[in-house]
Amino acid sequence: MDDNHLGDFLRARRAGLQPEDIGMASYGTRRVAGLRREEVAVLAGVNADYYTRLEQGRERNPSPQVIDALSRTLRLDADARAHVYRLAGATPNDPLSLPRAERVGPALRQLMDGYPNTPAFVMSRTLDLLAVNALADALYAPFQPADNLARMTFLDPAGRTFYTDWDRAAHATVANLREAAGFDPDNPRLRALVRTLTEHSADFTRLWNTHTVRGKTQDAKHLLHPDVGPLTLTYQAFDVREAPGQQLVIYHAEPGTPSAQSLNLLGSIHATRHRPAPEPHH
């Protein structure tokens, strides 16, 4: 059986729209629910016969411009629009497909703060730290500033001692940035970051030129914090659905281990340092 996934989807979305939904006057007797094929074609600016062929499966590879026009006409949200692109075997190449502004929503910040006993942070594809909870702030306190994991690794003097196996951390960091370049090679933030790193770090330049690509792994992190000593942490990374390219990263220490005790101590030290000064008595 020759499936017609694209045509079935277009037909269903057309049936779910009424003329009044798009500010269009209704005329004549409607034998079927929703908009007529001709109406969709006119609103999208495509030939009616061509649109009919799309629904019938006789045409299956519309251009990105046609997909976008139909997406607007059928009032598709971002998820549905991306779905149409996949069904058509096409790749979006316009500004709508670019990552949104790098901001972290209040609900996600609240979720991170709900993990008081483990470091949690949100980072961009280019490894910018976009938001951190209190314990992540304490964990990265040796860096000034704790702004971007690549810059921290290669250009901040603290990086060489903070990462116990610096070579491994450096390889992983560069491989992550190479993966980011595959998503959006012309990203201005990525280009500026790579330019700065290549100008100031021969180690980065050497690794960058190997073109090794790797996403986030689940390898344990071996760290040395000046306040609490060695830490061995595992982590999980979660894609942030509302902001493509962002990841929520949560570190974890095995319960009952010295690392878990050290994390608790780090949290206490951080809380003490940031406790508001008492009000003076009059």
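The following exchange goes through the helices, the sheet and the surface of a predicted model.

Biologist: What should be known about the numbering and the confidence limits?

Modeller: Residues are numbered from 1 along each chain as its sequence is written, and side-chain values use heavy atoms, leaving out hydrogens and water. In this predicted model local features need pLDDT of at least 70 and side-chain atom pairs count only at pLDDT 80 or more, while totals for chains, interfaces and linings use all residues.

Biologist: How many helices and strands are there in the protein?

Modeller: Helices (H or I, at least four residues) and strands (E, at least two) are taken as DSSP runs, numbered from the N terminus. On that basis the protein has 13 helices and 5 strands.

Biologist: Which strands are the edge strands of the sheet?

Modeller: Two strands pair if DSSP finds at least two bridges between them. The open sheet has 5 strands with antiparallel pairing, in the order E2-E1-E5-E4-E3. Pairing on one side only marks the edge strands, which are E2 (129-132) and E3 (221-225).

Biologist: Which residue of E4 stands opposite His225?

Modeller: E3 and strand E4 (residues 229-239) run antiparallel and are joined by 5 bridges. Helix H13 (residues 258-273) lies across both strands, at about 85 degrees to E4, where angles run from 0 to 180 degrees between N-to-C directions and axes are lines fitted to C-alpha atoms, for helices over the stretch in contact. The residue of E4 opposite His225 is Gly229.

Biologist: At what angle do the axes of H10 and H11 cross?

Modeller: The contact (heavy atoms within 4.5 Å) is made by Leu177, Ala180 and Ala181 of H10 and by Leu190, Leu193 and Leu197 of H11. The axes of H10 (residues 166-183) and H11 (residues 188-200) come within 11 Å, and the crossing angle is roughly 145 degrees.

Biologist: How far apart are the axes of H2 and H3?

Modeller: Arg37, Val40 and Ala41 in H2 meet Ala48, Tyr51, Thr52, Glu55 and Gln56 in H3. Helices H2 (residues 37-44) and H3 (residues 48-56) pack at an angle of about 115 degrees, and the distance between their axes is 9 Å.

Biologist: What share of the residues in the protein is buried?

Modeller: Buried means under 20% relative accessible area, with a 1.4 Å probe and protein chains only. The protein exposes about 16,100 Å², of which carbon and sulfur atoms supply 53%, the areas coming from the Shrake-Rupley method with a 1.4 Å probe. Of the 282 residues, the buried share is 41%.

Methods. Buried means under 20% relative accessible area, exposed over 50%, partly exposed in between (1.4 Å probe, protein chains only).
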